[in-house]
Amino acid sequence: MILRSILVRGWRCFADEVQVGPLGERINVVYGPNGTGKSTLFQAMARAFLDAHRVGGDEAEGMRPWGRMLTPTVTVAFACGGREYRVTKRFLDRPSSELSQREGDRFRRIAEDDASDEQVRQFLNGNAPGKGLSDSRHWGLSQVLWTLQGDLSLGELTGDLANDIRAMLGAQVAGPLGSRLEQKLEVVYRQYFTPSGKVKSGQNAPEVVRLEAAKTKADERLKGARQKVDMFESMSRRLEDLRAIQGQSRQEAAALSAAVADADKRAGAYTALIAERRHRSERVKSTEAEAQALKQRLDDIRSCNRELTEAGENREALAAEVPLRAKAAQEASNAALGAKAELENARAKRVDVDAACATAEDARIYADTQANLAAGQERLNGVRQADADLAELRSERARVLAPDVAALREIRKADADLREADIRLDAALISVEIVPERDCSVSVLAGEATGLRRSFPGGSAAAFKGSPEVVLDLEGFGRLRASGPAGSVEKYRQQKEDALSRLKTLTQPFGTSELDALEALHRRAEQLDAQIQTICTRLETLLLADAPDTLEQRLAGLRATLSGIEEEYASWHDAPPALDVLQERAERATASFRASVAVAEDAWETAQSTRTAAETKHGEVGGRLREVEKQIQTIAERLRKLTADDKSVTEREAELRVALLAWEAAKAERDETERQLSAYPADPGDELKRLQRQRDAAEGAASRALGEEKLEEGRLANLTLEAPHSLLAAAEEEVAALSERLDRETLRMKAVGLLWNTYSSSKAQAVAAVTAPVESAATRTLERIAGRRFGGIHLGGGFVPDGLRPEMAKSTVAIAEASCGEREQIFLATRLALAEVLASNERQLVILDDALTASDTGRLTRAMRVLEEAADKLQILILTCHPERYRGIQEANFIDLEALMSGAVVS
Amino acid sequence: MKFVHSADWQIGMKAAHVGDAGRRVREERLKAAARVVEQARALAAEFIVLAGDTFEHNAIDRVLVQSIADILTGFHNPVFIIPGNHDPLVPGSVWEHPAWKSSPQIYVLREPAPVSLDGVEILPCPIYESRSRRDPSSWIPPERRDCVRIGLAHGTVEGILADEVEYPIPRDAATRHALDYLALGHWHSETRFPDADGAPRMAYSGTHETSKFGERNSGNALLVEIPRPGAAPILTLFPTGGLRWETLTPELSAPGELTQLRASIEALPNAGATLLEVRLGGLLFASEHAELARIDELIAARFLFGRVESALRPAPGDTQWVENLPDGVLRDTALQLMQYADPSFAGQRPEAAGPAEASQALIELYKLATEVRG
């Protein structure tokens, strides 16, 4: 589309009618100072193409000239598709829209009002604004072709711009047939899918969705029908089971009833036998008791008679024995009295024995005291001797001054240190040994013995030491100097002197520094200490715990004891008693006394025992006699009671025989009953009860099964009325039919989706192939304006420049990194590249409103050349307040808007 | 002696394989039952034997039970029925329906015990459960008597290939049990089993109404004539089915064959009682896409039931229409879809881009391209 002219009136600054145009098909520069209405003119043109004539509201009111109630009107003449059009729109007051097409030399209306709005909008692929005035979002392709005042950027792409561009490019890629086919394909695709590729839902959902929903419901019905059929079969089996259970239970109950009847008979017979056994056992017991009683009585009578006879005989024997036992007791008593007298005589001889023993004891004490006195005296003498020896040794020990063990150890150590220092010193000294062949004289000029002069016989060795050198003057030979490394001689010498000094200090108290003498002193002191210790030990042994005074007092006591004994036995002072004789005499007297007393005591005890035994026997015989007499009375009384019925023994024996026979008969009857009972292993009554319980249980099970059977039959009958299988058949068929339709629909939907996606994919590849040339064209344009430093322009998915690819940079650089002027050059290059693509079939109008204001003169000049070339395919309308900047463009059509407004037209 | 042997009526049968036509299929089975009775009457049959599976299931609508009882009552002569494995004699079965007691000439044979009737001894083998490996005829005593002995059993004769053999019946069961004829049910195709002398003493009558596509020798009943005890039975097949089950499996290889197919489908008689299954194989030429749609429409409009299963794939050499597309996106799209439509295509396929989807997509593209070209 290219613009022919614009005519406005009642539009903001254009209160009066102003027409701009006719415009050239190449470059047009509309210029004027700020506020002359360049942008307003542009706005009026845009509204003519894109806004509905009925638009209202505050924003629309803004179209009127300030302070005037004029009706904004715009008429735009343009060419598109080889035809000439004119659109006139009147806004706000009696709004109208009219599209006319030139036929010959006049315009003929082809659309009015809304139709006109829509048709005009389609020339730009624009979108109708929802409400209010349009803005750049609704400009369609013009978003690329037209720029807002001072803003070349493409950064705010909204709406369907990118899609529109893609569609335009795609249409070119696919060609006219492809475009029409794509439209149809999209219609088909949109029947199934949303723009984002999801299957549509809701009211506009495709048939496949409805079928899926219907199938889901049908599946549920099918599931329910299957469950009912399963339930039917399950209930049928259950009913079959119940019938089997019931039949089985009935059979079991019948069999158990027969068993119960049989068991009942056996239990009755068993009970009768038990009663009979009890009765016969009682009979056995009673006959047995009767026989036993008769036998016992007869035995008792016989026993009483036998006991009476025996007791009478016993009583006579005891009566004869009693006088004999009385006499024997008297004799034994007399003998005991005699033995008692003998014993007392023997005990009276104890006084003599005691006297002999006392004399022997005194003699023993006397002898012991004498011995103790002698020993004590000897001990006291020893103590006195030890005291004297001890005093002498202690005196000698005080005279010996000797080092103790510790001092001696220190002395030994000091001596060792001295010897070691001496050895080290000797080793450190330079040693010179001379063995002259003949006698010679040696003077020591330097060395340990400096100044020494000695003569040595030939063949003998002479040694000299010194440090740091030894210098010898050998007579007749010369001077000999021996030197060595200076070293530690002085240190060792000092050590030797220190050791010597210490040794002197340690030995000074003992008067000698000789180690042997000191050790001899030490040994002597130790020897004396040992002797003193020995005597002390001996003294302690003699005294024990006593003091010497105590020992003397004890000796005096012993002497007093001896004097006391001698006072009683005066002869013992001169002739000590024969202790052995006296002791033997006392022992003999004692032994004799004891023997005589023991004999007397034995005799007395024997007599006493004899008397007691005789008296006891006498008492026993008397007692037994009395008991026998009493026993005879008791037996007689018992016999009288037993025979009170006056029956004879013979009669009693006959009665016993009869009773025994009756007992035997009763036992035989009882055993017969027992034999019959033994045929029963257990009580048939228990089995009867068990069988009765089993029968009752079986009957109960049968009743329950019957009840359940009836219940189940009812349930099954109810379920049968629902005809589950028929429901299942219908449900399966419904599902099958729906599945088949669903499969068909799904296949078609998938096929349409696949077709769309394949087509879109192919087209996207083709469009991508188109985008690359656009990038390339934009890059070339930018290089011409700004040089190569930006590298390539990278277009994003929406054909908007999103980065630069400088050759020096490894990655894309954001557009924002460029300067303001560079950015407008980048966007200009991009817009022109896109515009050329869009103008491949027809020239297109490009509007630059106050563009390139930030570009420097050099780049602006180069941009002008680019625009000149672009004008081969594009109509370019430049709105500017700096017309001088565009004066370099050849063939440009300059329009002075200010002059137009004042009525003059300047071209 | 003359009687009609039928079996496997399977009244109330599910027919999910024919979708919405299932109801009609079920109705036709009732009508076919009426035709059996009608023919038996016309042929002066002395009785009818139904060798099991009279009903599809014991849980069918009881109205159907009553309907069958009514149809059989219309025969006026004895009808001997044994329960089969589809309608076994179990609690809640169709055989508990009171209709059976109200028709004195209908004998539901519930016990494996002989039933004598005017010189005939019926030896039934009723079925009590759906599945069993037991020979139902084993109870029949091999006693030759001075009467015609007719066995009535339901099961699989030995030698018939089946995944699971239910109720096996010896191949020589009739001879073994001294039967003049053993009427069999269970298999839907009419099959005869001659004895050593070539006399057809055992036979499946087949179902009286075909029940699915590909079911051969069905939709008939047998008229059995036995002149005297021991004589060879004379079997006469007579049709009873009302529906036609047609299956067409053309393998297309050249343009025009689809049109021929359409013509042959159009020529099929009695389309309203015909169930048609068309399994298309081979190649589809772009020029015949419309023919394919026409066949679809024809079948849907005219036949009781129709199904077209297409395994067609675009004819490899049929690329003229693609070459007629503008060079670029459209042609690329068509070529890409043709690759996907080839089952042997080994390249990477997008999601839902199988041969079937791709073939259909090509058809859609062809239609659109045709529309656009006008």
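**Exercise 1.** Determine how many residues of chain A are in contact with how many residues of chain B, and which residues of chain A supply the most buried area.

*Solution.* In this predicted model, 43 residues of chain A are in contact with 51 residues of chain B. Between them the two chains bury about 3800 Å², and 68% of this area lies on carbon and sulfur atoms. On the side of chain A, His725(A), Glu733(A) and Leu754(A) together supply 17% of the area buried against chain B, more than any other three residues.

**Exercise 2.** Describe the charged and polar pairing between the chains, and name the elements of chain A that take part in the interface.

*Solution.* The count of salt bridges between chain A and chain B is 7. To check one pair, take Lys14(B) and Glu732(A): their closest N and O atoms are 3.2 Å apart, and the pair qualifies because the cut-off is 4 Å. Across the interface, 10 residue pairs are in polar contact. Next come the elements: α5, α6, α15 and α16 of chain A each give two or more residues to the side that touches chain B. Of these, α16(A) gives the most, with 24 residues. Sorted by class, this side of chain A has 24 nonpolar, 7 polar and 12 charged residues.

**Exercise 3.** Identify the residues that touch the most other members of the largest nonpolar core, and the helix that gives its largest share.

*Solution.* The largest core has 93 residues, and those touching the most other members are Met45(A), Phe49(A), Val76(A), Phe78(A), Trp146(A) and Ile876(A). Helix α17 of chain A (residues 820-838) contributes the largest share, 10 residues. A second, separate core of 47 residues includes Leu185(A), Leu222(A), Leu755(A) and Leu362(B).

Conventions:
Residues are numbered from 1 along each chain as its sequence is written. Chains are lettered from A and ligands numbered from 1 in the order in which they are written. This is a predicted model: local features need pLDDT of at least 70, side-chain atom pairs count only at pLDDT 80 or more; totals for chains, interfaces and linings use all residues. Side-chain values use heavy atoms; hydrogens and water are left out. Contact means heavy atoms within 4.5 Å. Buried area is the accessible area (1.4 Å probe) that two parts lose on being put together, summed over both. A salt bridge is a side-chain nitrogen of Lys or Arg within 4 Å of a carboxyl oxygen of Asp or Glu. A polar contact is a pair of N or O atoms within 3.5 Å; within protein, one must be able to donate a hydrogen and the other to accept it, and residues adjacent in sequence count only if both atoms are side-chain atoms. Helices (H or I, at least four residues) and strands (E, at least two) are DSSP runs, numbered from the N terminus. Ala, Val, Leu, Ile, Met, Phe, Trp, Tyr, Cys and Pro count as nonpolar, Asp, Glu, Lys and Arg as charged, and the others, Gly among them, as polar. A nonpolar core is a set of buried Ala, Val, Leu, Ile, Met, Phe, Trp, Tyr and Cys residues joined through side-chain atoms within 4.5 Å. Buried means under 20% relative accessible area, exposed over 50%, partly exposed in between (1.4 Å probe, protein chains only).
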